[in-house]
Amino acid sequence: MLSRSSLMITYFLTILFCLFPPNISFASEPKLSFTTAGTLRFPYSLQPNDDNNIYFETFFKAALPVWKTDKAKVSLFVRGFYSGDSQEFSFNNRAKISVGASYNRKLTKTLNISLDLQYDIDNRYTTQQTQTGWRGKLSYFYYDNIWRNRPKGHKGWFRQNSWAKTWGVFTFPESLEDGNRNLAFITGGELATAFARPNSKLQYVPFVDLILAKDSYKLAANNKAIFGMGFKLRKSIKGGEISAGVKYAFDRRWTRGTTQSGIVVTSGWYKSF
């Protein structure tokens, strides 16, 4: 049984391996790519048992393409994931290592789909339980935007960027517990407009977002609709972004027939290199 400390060590060793990989020679000389992201959220959800619960998660992924065309590629990947919350729920306090293969295809300039098959080692460190097994994922990502250059001679606020994005993931099985055959689906979307000030790299972004989730086992945590509207500060960085914001959200749980509402504060980052 792996301890919390050993899982953290494994996670960071995975990052070091990804940053400084051994020399691998292929005829096509593929190039490793790296992605990291993280989020901090308060509260974790608007459900009563999450009052005052602070949640954090982060991941680091390295991918090596082994086959590629203009619109498609197959990659091998390793991914480390870590999450925790202040109330120490077992499902939120975990460290996971995933190794697998991914097929990615660009359907249009704005829409991509991916099919992943991965082997997970998933440790819930508050209960010292480790689960392992294979998992499949089918996902999509859509992003379209309108970028506006600052008008010549303009000295005040201006609308710099507007975007629409949506994503979704089918996961099977939803859990690595023995006998689990739960098919889970989650999707989300955001509409936003970014305003900028002269001589500032910050964007001031009002937005609306929506998350929908459903699964074949009809679990309350996986059958929900969350609508939010809010404001965030966003800064573009090379290969990604950092942001922090607040929104007012409505959390509907279909199986329970309940709706909770309240304020959610978030911050996060994303970077690829």
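Biologist: Before we start, what does "buried" mean here?

Modeller: Buried means under 20% relative accessible area, and partly exposed means between that and 50%. Keep in mind that this is a predicted model.

Biologist: Okay, why is Arg-253 called buried?

Modeller: Its relative accessibility is 6%. The cut-off is under 20%, so Arg-253 counts as buried.

Biologist: What makes Asp-251 and Arg-253 a salt bridge?

Modeller: Their closest N and O atoms sit 2.8 Å apart. The pair needs a Lys or Arg side-chain nitrogen within 4 Å of an Asp or Glu carboxyl oxygen, so Asp-251 and Arg-253 pass. Asp-251 is buried too, at 1% relative accessibility.

Biologist: And why can side chains like that pair at all?

Modeller: Opposite charges can pair when the charged atoms come close.

Biologist: How do you know that Asp-209 and Lys-247 form a salt bridge?

Modeller: Same kind of check: N to O is 3.0 Å, and the limit is 4 Å, so we call it a salt bridge.

Biologist: What does that pair tie together?

Modeller: Asp-209 belongs to strand E9 (residues 202-215) and Lys-247 to strand E11 (residues 240-253), so the bridge joins parts 38 residues apart in sequence.

Biologist: Are those two buried or exposed?

Modeller: Asp-209 has a relative accessible area of 14% and Lys-247 comes in at 16%. Each value is under 20%, so both residues count as buried.

Biologist: Then why is Glu-241 called partly exposed?

Modeller: Glu-241 is at 22%. Buried stops at 20% and exposed starts over 50%, so 22% lands in between. Its salt-bridge partner is Arg-234, with the closest N and O atoms 3.0 Å apart. Arg-234 itself, at 11%, is buried.

Biologist: How many salt bridges does the structure hold?

Modeller: Eight. There's also a network of salt bridges that links Arg-94, Asp-122 and Arg-124.

Biologist: What is the chain built from?

Modeller: One helix and 12 strands. Along the sequence, the helix leads and the strands follow.

Biologist: How much of the chain counts as buried?

Modeller: Of its 273 residues, 37%. The chain exposes about 15800 Å², with carbon and sulfur atoms supplying 61% of that.

Biologist: And which share of contacts comes from residues 24 or more positions apart?

Modeller: That's 55%, taken from the contacts with a separation of 6 or more.

Terms used
Residues are numbered from 1 along each chain as its sequence is written. This is a predicted model: local features need pLDDT of at least 70, side-chain atom pairs count only at pLDDT 80 or more; totals for chains, interfaces and linings use all residues. Side-chain values use heavy atoms; hydrogens and water are left out. Helices (H or I, at least four residues) and strands (E, at least two) are DSSP runs, numbered from the N terminus. Buried means under 20% relative accessible area, exposed over 50%, partly exposed in between (1.4 Å probe, protein chains only). Contact means heavy atoms within 4.5 Å. Accessible areas come from the Shrake-Rupley method with a 1.4 Å probe; for residues, only the protein chains shown count as cover.
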